[in-house]
Amino acid sequence: MKIARIATTLALVLAPVFAVAEGCGGMKDQQAMSCAEGSNFDHTTGTCVPVST
């Protein structure tokens with residue numbers, strides 16, 4: 001009974017740590033929310049650039 005309680009407590013304490021670590025990918029998958037009309041997001045510079053047609 002004591003081991004089960006310790007295991008449960010440990011799981012509950014570590015769950016948020018693993019959840020946060022799962023979401024951190026070094027921000028490599030970050031995308032622009034939106035760019036102004038007439039511009040697109042440039043992944044190399046990480047900014048919005050005007051569209052040239």
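**Group meeting: one helix, two strands and two residues**

Good morning. The chain before you has a secondary structure of one helix and two strands, ordered α-β-β from the N terminus; helices (H or I, at least four residues) and strands (E, at least two) are DSSP runs, numbered from the N terminus. This is a predicted model, in which local features need pLDDT of at least 70 and side-chain atom pairs count only at pLDDT 80 or more, while totals for chains, interfaces and linings use all residues. Residues are numbered from 1 along each chain as its sequence is written, and side-chain values use heavy atoms, with hydrogens and water left out.

I begin with the chain as a whole. Of its 53 residues, 2% are buried, that is, under 20% relative accessible area, where exposed means over 50% and partly exposed lies in between (1.4 Å probe, protein chains only). The accessible surface is about 5,100 Å², and carbon and sulfur atoms account for 63% of that surface; the areas come from the Shrake-Rupley method with a 1.4 Å probe, and for residues only the protein chains shown count as cover.

Now to Ser 39, in strand 1 (residues 39-42). Is Ser 39 buried or exposed? Ser 39 counts as buried because its relative accessible area is 16%. Its side chain reaches the backbone oxygen of Ala 36 at 2.7 Å. Beyond neighbours within four places in sequence, Ser 39 is in contact (heavy atoms within 4.5 Å) with Cys 48, Val 49, Pro 50 and Val 51.

Finally, Phe 18 belongs to helix 1 (residues 2-23). With a relative accessible area of 58%, Phe 18 is exposed. Thank you.

Terms used. A polar contact is a pair of N or O atoms within 3.5 Å; within protein, one must be able to donate a hydrogen and the other to accept it, and residues adjacent in sequence count only if both atoms are side-chain atoms.
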